[in-house]
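Me: I'd like a close look at a single part of this model, with its surroundings filled in. Could you take one helix in the middle of things and work outwards from there?

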Amino acid sequence: MNMDPIIRVDDVHKTFFTHHFFSKGEKTGARCFHEKRRVHAVKGVEFGIQRGEIFGLLGPNGAGKTTLVKMLSGLVRPTSGHVYVDGLDVDRQRLKVLRKIGVVLEGTRTSIWPLTPLENLAYFGNLKDVSGKVLKKRSHELLDFIGLSDKKDVQVRRLSRGQKQKLAICIALVADPDVILLDEPTTGLDVQSARSIKDRIIEMTRERNKTALVTTHDMGVAQELCDRIGIIKNGELAACKPTDELLDLFSEQVYELRLDRMPPDGTLGSIEGVLDVNFEAQGDEVLCVAAIEHEYALRSEALYAMLARLRERGVQLHSVSLRQQNLENVFLRVTGDPAS
Amino acid sequence: MGFLLVLKAEIVRGLIIMRRYWFATITGLMISYGFLMLVILAFVSNQAALAQWSESIFDKVVGFLVGMLAMGLVGMFSQGLQGMARTGELEQVCMSPHGLVTNFLARSLVAAVMSILTYTILLSLLAASLKGKIHLDPLATALVLALTYTNLIGFGFMVGGLVLVFKQTGQIAMIIRLVLLIIAIGSEEVAKLPAWFRAIAHCVPITDAAISLKYVLIKGQQTDGQFSSILVQPSFYYLILNATVWTLIGIACFRYLENWSRDKGTLGAY
């Protein structure tokens, strides 16, 4: 089995320059005739994606996700570093790479609205070097697979947003690419359409051995879909781990203790291994949220010590639980949101 | 092979849209005819004058239609490309493994053939209305039209490349298109201009195309009804030279600017 990553992003940087005329200078605030501004959209990003994997790229707005997708598809050239798809350098062998990838970019009209889905697939199939019986058979199969068969002869302009998005995925798949890049595939879709698209993406990778890179803001989508997640912040890859591992990374540290009353001040203070303690009154109970050291021996000692102190002060313990971390919390912690 | 496949896709798409929007196609043709007739009749007050002027008017009509063809083709590379970038269609075309040049060659060829068919109908209607005479020499006409197309897309590719990098160039291209239209209408006047201006005018892709097309369709007509060969017309040779130079410059510029736009991150985006 080939264990080389099908996508390899190798120390990629991208800097954009913008020109501003008669604008207020960023530093001085004074109006100047011309100012050239530099934007570091991507800074030294490195990761690889294995065949058959669904890789999620998460990040706040303007983090550099779309720029990365565009670099993978050759629409944007890296300032330095290289992007490889199936061993081919995207910058140097772009046209060959385009035979191996299908791309669904966010918020664009990816299909031709006066044409029907079937006609769109015929058109884009030809553009992507697929023709004849193969194209015809594949078009019908894809429309069946995505659930658009009953709309195959309806003009795209009459389709719903979800149906248009499904068609965009079909267009991306019409040349049977090994890799599919999906930029915000479920944004703005209703629950049912989003569900259907998620199912199709999973099916596509599991049954057809395709590789998918998905960028999304929706943590639910990422948690549900992705085998591995990269979190990008200010153009840098802040974390890149398998989804379960990423969730575990923080969940092991936070414990919730339900107490019958508020313990006296300083009860849980200065215990070795306890990083942070917060109390919150919740009806008749008090919720104590304690962040504890990751290391096993320290964690064990810290937990024993906490329970012993509470017992000494006569505080009754109703329950102890490990906080179930969701991707949203992880994301907020990694991206450094103070609310987390 | 790749080009033929893209060409097939563009032909099928063009025919489907034309069939689906047949009413718009026909009304567009009628409006153009009505508009041109209105303009002509507004300048000519009576039938006698119309008969006397018909040849000169018809010359301007041919010039106008050639200018419209130029405007349409260059417009496809300017405002058309700008529009495609705005809607996101350009990003999809950029994903084609055949490359943008092949895609735009096929797209422009289909657009040119469709425009030529439409203008042929319009020209025939106007010729019948104005009692103008058109000489139909299929070989010479096809040759001059092919050279005109090559010339214009070469220029169009250069403008298109600029639009890929600087999207606002599309607006400036509107002025260029109008200049092309004006030159096409008044191409005969070029001979009366000073030498330096004539030299510049010959570099403009539409000047010799318009002169040659008018020659093939009208001017070549002699008193005995015979047509002299296009080969005796110097503009024909300027046209060949122009077509070669503009195509080479245009495609080279387009490729260079396409790469630049990928650096700037403006390829496919508005």
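What follows starts from one helix and moves out to its neighbours, then to the open spaces.

Reply: Happy to. Keep in mind that this is a predicted model, and let's take helix α5 of chain A, residues 161–173, as the part to look at.

Start with its geometry. With 13 residues at 1.5 Å a residue, α5(A) should span 18 Å, and its end C-alpha atoms sit 19 Å apart, so expectation and model agree.

Next, how enclosed is α5(A) by the rest of the structure? Eleven of its 13 residues are buried, so the helix is largely enclosed. The buried set is Gly162(A), Lys164(A), Gln165(A), Lys166(A), Leu167(A), Ala168(A), Ile169(A), Cys170(A), Ile171(A), Ala172(A) and Leu173(A). Lys164(A) and Lys166(A) are on that list, by the way, and buried here means under 20% relative accessible area.

As for what those residues pack against, chain A supplies β6 (101–104), α3 (117–127), α4 (132–146), β7 (179–183) and α6 (191–208). Chain B joins in too, through its own α5 (89–94).

Two of those neighbours, α3 and α4 of chain A, are linked by a loop that holds Asp129(A). Asp129(A) is not a glycine, yet its phi is positive, about 75°. With a relative accessibility of 32%, Asp129(A) counts as partly exposed.

Now step across to α6(A), another of the elements that α5(A) packs against. Its 18 residues should span 26 Å at 1.5 Å a residue, and the end C-alpha atoms are 25 Å apart, which agrees. The buried residues of α6(A) are Ser193(A), Ala194(A), Ser196(A), Ile197(A), Lys198(A), Arg200(A), Ile201(A), Met204(A) and Thr205(A). Covering them are, among others, α4, α5 and β7 of chain A, and these are joined by β3 (54–58), β8 (211–216) and α7 (219–225) of that chain. After α6(A) comes Asn209(A), with a positive phi near 55°.

Strand β8, part of that cover, is worth a stop for Thr216(A), which lies in it. Thr216(A) has a relative accessible area of 2%, so it counts as buried. Leaving aside residues up to four places away in sequence, Thr216(A) touches Leu57(A), Leu58(A), Gly59(A), Lys65(A), Glu184(A), Val221(A) and Ala222(A).

On the domain level, chain A splits into domain 1 (53–78 + 89–248) and domain 2 (253–324). Their centres, taken over C-alpha atoms, are 46 Å apart. Over in the loop between β11 (254–259) and β12 (274–282) of chain A you'll find Ser270(A). Ser270(A) is another non-glycine residue with a positive phi, about 45°. At 76% relative accessibility, Ser270(A) counts as exposed.

Finally, the spaces. The largest pocket holds about 970 Å³. Its lining has 30 residues, and the ones closest to the centre are Gly72(B), Met76(B), Ala111(B), Met114(B) and Ser115(B). Elements giving two or more residues to that lining are α1 (2–20), α2 (22–43), α3 (47–77), α4 (79–87) and α6 (100–130), all of chain B. Of these, α6(B) gives the most, eight residues. By class the lining comes out as 18 nonpolar, eight polar and four charged.

The second largest pocket has a volume of about 610 Å³. Among its 19 lining residues, those closest to the centre come from both chains: Phe16(A), Phe17(A), Lys264(B), Gly265(B) and Thr266(B). Two or more lining residues each come from β1 (7–24) and α1 (65–72) of chain A and from α11 (234–264) of chain B. The largest share, six residues, belongs to β1(A). Here the classes are six nonpolar, eight polar and five charged.

There is also one cavity of 30 Å³ or more, and its volume is about 40 Å³. From chain A, its lining takes Met71(A), Gly74(A), Val76(A), Arg77(A), Pro78(A), His82(A), Val83(A), Asp89(A), Val90(A) and Asp91(A). Chain B contributes Arg262(B) to that lining. Sorted by class, the cavity lining has five nonpolar, two polar and four charged residues.

How values were computed:
Residues are numbered from 1 along each chain as its sequence is written. Chains are lettered from A and ligands numbered from 1 in the order in which they are written. This is a predicted model: local features need pLDDT of at least 70, side-chain atom pairs count only at pLDDT 80 or more; totals for chains, interfaces and linings use all residues. Side-chain values use heavy atoms; hydrogens and water are left out. On a 1 Å grid over the protein atoms alone, a cavity is a set of points where a 1.4 Å probe fits but cannot get out, and a pocket is an open set with protein on both sides within 12 Å along at least five of seven lines; lining residues have an atom within 4 Å of a point. Grid points are joined across faces, edges and corners, and a volume is the space filled by probe spheres set on the points. Helices (H or I, at least four residues) and strands (E, at least two) are DSSP runs, numbered from the N terminus. Ala, Val, Leu, Ile, Met, Phe, Trp, Tyr, Cys and Pro count as nonpolar, Asp, Glu, Lys and Arg as charged, and the others, Gly among them, as polar. Domain bounds come from an automatic or database domain assignment. The expected span of a helix is 1.5 Å times one less than its number of residues. Buried means under 20% relative accessible area, exposed over 50%, partly exposed in between (1.4 Å probe, protein chains only). Contact means heavy atoms within 4.5 Å.
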